[in-house]
Amino acid sequence: MAKLKLMFNGEILDEYSLDREEITIGRRPENDIQIDNLAVSGRHARVLTILNDSFLEDLGSTNGTYVNGSVIKKHALKHGDVITLGKHQLAYDNQDASGADDFERTMIIRPDTDGMPENSGSAALDRSMGEIGEELVRESSGASSDRPAKARLRVISGTNSGKELEITKALTTLGKPGVQVAAITRRPKGYFIVHVEGDAATPPTMNGEPIERTASPIPDNAIIEVAGVRMEFSLDAG
């Protein structure tokens, strides 16, 4: 299991397992990893973990979040990365991270543009989604009898209203990179959706309810709205 080692002046202070999909880091005590230092913002950063891959996001901190000496807004973590917040460091330990560069099993859908599918906007986001997709494929391989029914998305607003797309990949991202992105993952137990990118104050929605940072199952005929575009999710009969 992936973990973060909290360090100060080279000394390990504590270790934290990334055993949940979201871990928050900051100065306030309600954070999962509390760093009691004025250089660290109250809610400084978060780590989203899906299967064996973890993604770091700065939450608008005052002094910034650094990985291996470079300031980041979002970053797909790799084994050995060192995160710096103020004077503290968090070392990312995960020898099982995929580190995959193959995006073949990931579909990027931009429902706000002509052409819609596989219009990638952010190379870093695409790479992160590809890594998740590789793990999902491995999770479901050899379990064809347990795979969910085929599903599709029908765009019901905006430029591409009326168009349909079959969900053929282990992972499908929806939205506009840099603005708002949600991801649909196909797992043996069904289809799930998670809010990946965008302002937490105005999240994408499913049936009028906010899509969370942790994965939620998608019911048949759900109405999903991402980056101002509404889509209907449906399971194929049979």
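Which residue in β17 is the bridge partner of Arg187? It's Gly190. That little pairing is a good way into this structure, which is a predicted model.

**The strand in the middle of things**

Arg187 belongs to strand β16, which covers residues 180-187. β16 and β17 run antiparallel and are joined by 8 bridges. To get from β16 to β17, the chain makes a hairpin through 2 residues. If you'd like the general idea behind this, strands of a sheet pair through backbone hydrogen bonds, either parallel or antiparallel.

β17 has another partner too: it pairs with strand β20 (residues 216-217), again in the antiparallel sense, over 2 bridges. In that pairing, Phe192 stands opposite Pro217 of β20. Is β17 enclosed or open to the outside? Of its 9 residues, 9 are buried, so β17 is largely enclosed by the rest of the structure.

Now look at Ala215, which sits in the loop between β19 and β20. With a relative accessible area of 24%, Ala215 counts as partly exposed, because buried would mean under 20%. Setting aside neighbours within four places in sequence, Ala215 is in contact with Glu21, Arg187, Phe192, Ile193 and Val194. So you meet Arg187 and Phe192 again here, this time as contacts of Ala215. The C-alpha atoms of Ala215 and Ala183 are 9.0 Å apart, with their positions 32 residues apart along the chain.

**A sheet of six**

Elsewhere you'll find an open sheet of 6 strands with antiparallel pairing, in the order β14-β13-β22-β21-β18-β19. Its edge strands are β14 (164-167) and β19 (209-210), and each of these pairs on one side only. Inside that order, β18 (residues 205-206) pairs with β21 (residues 223-226) in the antiparallel sense, over 2 bridges. Met206 has Ile224 in β21 as its bridge partner.

**Charged pairs**

Side chains of opposite charge can pair when their charged atoms come close. This structure holds 12 salt bridges, and here are some of them:

| Pair | N to O distance | Separation in sequence |
|---|---|---|
| Glu22 and Arg46 | 3.9 Å | 24 residues |
| Lys74 and Glu197 | 3.8 Å | 123 residues |
| Asp236 and Arg152 | 3.1 Å | 84 residues |

Take Glu22 and Arg46 to begin with. Glu22 is in strand β3 (residues 22-26) and Arg46 is in strand β5 (residues 45-50), so their salt bridge ties together parts 24 residues apart in sequence. Arg46 counts as buried, at 2% relative accessibility.

Next come Lys74 and Glu197. Lys74 lies in strand β9 (residues 74-76) and Glu197 in β17 (residues 190-198), so this pair ties together parts that are 123 residues apart in sequence. Are both ends of that pair buried, or is one partly exposed? Lys74 is partly exposed at 39% relative accessibility, whereas Glu197 is buried at 8%.

As for Asp236 and Arg152, Asp236 is in the segment after β22 (229-235), while Arg152 is in strand β13 (residues 151-155). Asp236 is partly exposed, at 24% relative accessibility, and Arg152 is partly exposed with a relative accessible area of 24%. There's also a network: Glu22, Arg43, Arg46, Glu57, Lys74, Glu197 and Arg213 are joined into one by salt bridges that share partners.

**Nonpolar cores**

In soluble globular proteins, nonpolar side chains tend to be buried together. The largest nonpolar core here has 20 residues, and Leu4, Ile25, Ile33, Leu56, Ile83 and Leu90 are the ones touching the most other members. The elements giving two or more residues to this core are β1 (3-8), β3, β5, β10 (82-85) and β11 (88-93). Leaving out residues up to four places away in sequence, Ile33 touches Leu4, Tyr16, Ile23, Thr24, Ile25, Gly26 and Leu90. Apart from this core lies another, of 18 residues, including Ile184, Met206, Ala222 and Met231.

**How far to trust it**

The chain has a mean pLDDT of 79, and 76% of its residues reach 70 or more. Residues 98-107 have pLDDT below 50, and this stretch has 32 contacts in the model beyond near neighbours in sequence. Residues 114-131 are also below 50, with 51 such contacts. Where pLDDT is low, the predicted coordinates should not be read in detail.

Terms used
Residues numbered from 1 in each chain as written. Predicted model: local features only at pLDDT ≥ 70, side-chain atom pairs only at ≥ 80, totals over all residues. Heavy atoms only, no water. Pairing = 2+ DSSP bridges. Helix = DSSP H or I, 4+ residues; strand = E, 2+ residues; numbered from the N terminus. pLDDT = per-residue confidence, 0-100. Contact = heavy atoms within 4.5 Å. Salt bridge = Lys/Arg side-chain N within 4 Å of Asp/Glu carboxyl O. Buried < 20%, exposed > 50% of the residue type's maximum accessible area, 1.4 Å probe, protein only. Core = buried A, V, L, I, M, F, W, Y, C linked by side-chain atoms within 4.5 Å.
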